[in-house]
Amino acid sequence: ATLKSKTFKCYVCATDNQHCDNPVGHNVPTLDGFMSCLTYYYESGGDSTVLRSGSIFQIDDQCNTVTIDTMDEKMLNNTAVSSLKSHLRSSDKIKACACNSDLCNGAPTNTGTMMIFAAVPLIIQHLLQ
């Protein structure tokens, strides 16, 4: 017999969506079929970026402040994070969280002025097609 792994529905958005910092109750895209849901929060010079996505990998529930160099490989192997890598120095801090239930990556983040990276909306749009 084969074991069927449970998959989850996750919020999928970037800061170009005005509700990405607090998606619950708003028209924020969701996608099914992920093994874990992810949230990334990055702040620099008073600007902040929030990414919400999912992973094809099972990742234990966790929330850590990391750099690109120290982030778990499973959390790095993600289209949304790949788009951020070119904008970050290896020493920049990112709060990276993983969770394992439907829409668990919807917790609000405190964001000031949003920083929009040009590549992120294109990648999110590609994911939703």
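Four disulfides turn up in this predicted model, counting sulfur pairs within 2.5 Å. A disulfide is a covalent bond between the sulfur atoms of two cysteines. Numbering the bonded cysteines along the chain gives the pattern 1-4, 2-3, 5-6, 7-8. The table sets out three of the links, with the sulfur distance and the torsion about the S-S bond.

| Disulfide | S to S distance | S-S torsion |
|---|---|---|
| Cysteine 10 and cysteine 37 | 2.0 Å | about -85° |
| Cysteine 13 and cysteine 20 | 2.1 Å | about 80° |
| Cysteine 99 and cysteine 104 | 2.0 Å | 90° |

**Handedness and reach**

Which way does the link of cysteine 10 and cysteine 37 turn, left-handed or right-handed? With a torsion of about -85°, the disulfide is left-handed. Cysteine 10 belongs to strand 1 (residues 8–11) and cysteine 37 to strand 3, so this pair ties together parts that are 27 residues apart in sequence. For cysteine 13 and cysteine 20, the torsion is about 80°, so that disulfide is right-handed. The link of cysteine 99 and cysteine 104 is right-handed too, with 90° about its S-S bond.

**Buried or not**

How do these cysteines sit with respect to the surface? The cut-off that matters here is 20% relative accessible area, with buried residues under it. Cysteine 10 has 0% relative accessibility and so counts as buried. Cysteine 37 is buried as well, again at 0%. Cysteine 13 and cysteine 20 are both buried. In the link of cysteine 99 and cysteine 104, the two ends fall into separate classes: cysteine 99 is buried, because its relative accessibility is 16%, while cysteine 104, at 22%, is partly exposed.

**The largest pocket**

Now for the empty space. Rolling a probe the size of a water molecule over the atoms shows where empty space is left. The largest pocket holds about 190 Å³ of space. Its lining is made up of 13 residues, and those closest to the pocket centre are Thr39, Lys95, Cys97, Ala107 and Thr109. Two elements each give two or more residues to this lining, namely strand 3 (36–44) and strand 6 (94–99).

Which strand supplies the largest share of the lining? That is strand 6, with four residues. Sorted by class, the lining of the largest pocket has seven nonpolar residues, four polar ones and two charged ones.

Strand 3 links the two parts of this report: cysteine 37 of the left-handed disulfide lies in strand 3, and strand 3 also contributes to the lining of the largest pocket.

Technical notes:
Residues numbered from 1 in each chain as written. Predicted model: local features only at pLDDT ≥ 70, side-chain atom pairs only at ≥ 80, totals over all residues. Heavy atoms only, no water. 1 Å grid on protein atoms, 1.4 Å probe; cavity = no way out; pocket = protein on both sides within 12 Å on 5 of 7 lines; lining within 4 Å. Points joined across faces, edges and corners; volume = space filled by probe spheres on them. Nonpolar A, V, L, I, M, F, W, Y, C, P; charged D, E, K, R; others polar. Buried < 20%, exposed > 50% of the residue type's maximum accessible area, 1.4 Å probe, protein only.
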